[in-house]
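Biologist: I am new to this one. Please take me through a single part of it, step by step.

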Number of protein chains: 2
Amino acid sequence: MSENPRGSGESGAPGVPGAPGALSDAFTADCPARDVLNHVGSRWGVLILAALGEGPMRFHVLRDRVGGISEKMLSQNLRALTRDGLTSRTVEPASPPRVTYALTPLGHELSSLFSGLVDWITLRVDDVLAAREAHDGGH
Amino acid sequence: MSENPRGSGESGAPGVPGAPGALSDAFTADCPARDVLNHVGSRWGVLILAALGEGPMRFHVLRDRVGGISEKMLSQNLRALTRDGLTSRTVEPASPPRVTYALTPLGHELSSLFSGLVDWITLRVDDVLAAREAHDGGH
DNA sequence: CGGTATCCCATGCGATACTG
DNA sequence: CAGTATCGCATGGGATACCG
């Protein structure tokens, strides 16, 4: 994403980025919170964290659990999540190398939120589909 | 929302979209739930729904609230969300046209989840940043 | 098994301009 | 005010091939 040319000219928006101890929320364009949101709320981030909420998993198990993800994307997202302190990577030295990913305490909090999201979608997907058809058909 | 429920777990045969009685969750690649997740969990979808959780808003107010969004993206996302039955679009016939967007009951449920996410990020962004610096510095 | 590197295309998204 | 249309590029992300 690019810089916001208008800067922080938000009217009434809470949080001034850069101010010491200021409350910076994800609604503000130029603040770190937005960056974290884009990481974590990416196409695969949600599913990976939600999957790891079910327990630690090895690479291929995780790849299996998150349907449709490529190894490249899994690896890439996992590195980003580990860098952000949300997941941990543990290597057990064995003849077949054994790498396990797990949630950190920080990641566990997020995982709970995302599990809630996944659950909501499972519950409401029919309603959304019905609304979509009603909208397309009726219009 | 759920603490850590296995509610979204796989029950029986996974990965067969359209199978009668099959529970289709967002972990499955080719199911509608995944599609909904990608819509709703997009870069702007989260912020738009979270913003509308504060109350109905007109176009430019919403554009102001969601820092950095272009009018094109706002319009595009708003149409998608309305099509999915998550937001409503109300036009008041006036000399300056007055259009107000609001959450539907369905959208309100999602908005609550996303507000939780935004709040979490606001709370934990410092921890993530610290972890990132520790990772980069130590590496 | 658990990755990384390269190629390449699809599309998300911003900038700009135009409309009712 | 509240959008839509068009252009163009940066990025996301799949396919494939290769490495420890």
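How many bridges join β2(A) to strand β3 of chain A, and in which direction do the two run?

Modeller: This is a predicted model, where local features need pLDDT of at least 70, side-chain atom pairs count only at pLDDT 80 or more, and totals for chains, interfaces and linings use all residues. Residues are numbered from 1 along each chain as its sequence is written, chains are lettered from A and ligands numbered from 1 in the order written, and side-chain values use heavy atoms, without hydrogens and water.

Now the strands. Six bridges join β2(A) to β3(A), residues 98–103, and the two run antiparallel. One of the links is T87(A), whose bridge partner in β3(A) is L103(A). Strands are DSSP runs of E, at least two residues, and helices are runs of H or I, at least four, numbered from the N terminus. Two strands pair if DSSP finds at least two bridges between them.

The wider sheet of chain A is open, with three antiparallel strands in the order β1-β3-β2. β1 (57–58) and β2 (87–92) of chain A each have a single partner strand, so they stand at the edges with one side lacking a neighbour in the sheet. Helix α2(A), residues 45–52, packs on this sheet and touches β1, β2 and β3 of chain A. Contact here means heavy atoms within 4.5 Å. The direction of α2(A) makes about 95° with that of β3(A). Axes are lines fitted to C-alpha atoms, for helices over the stretch in contact, and angles run from 0 to 180 degrees between N-to-C directions.

Last, the surrounding span. In chain A, residues 31–129 are 63% helix and 14% strand. Their end C-alpha atoms lie 35 Å apart.
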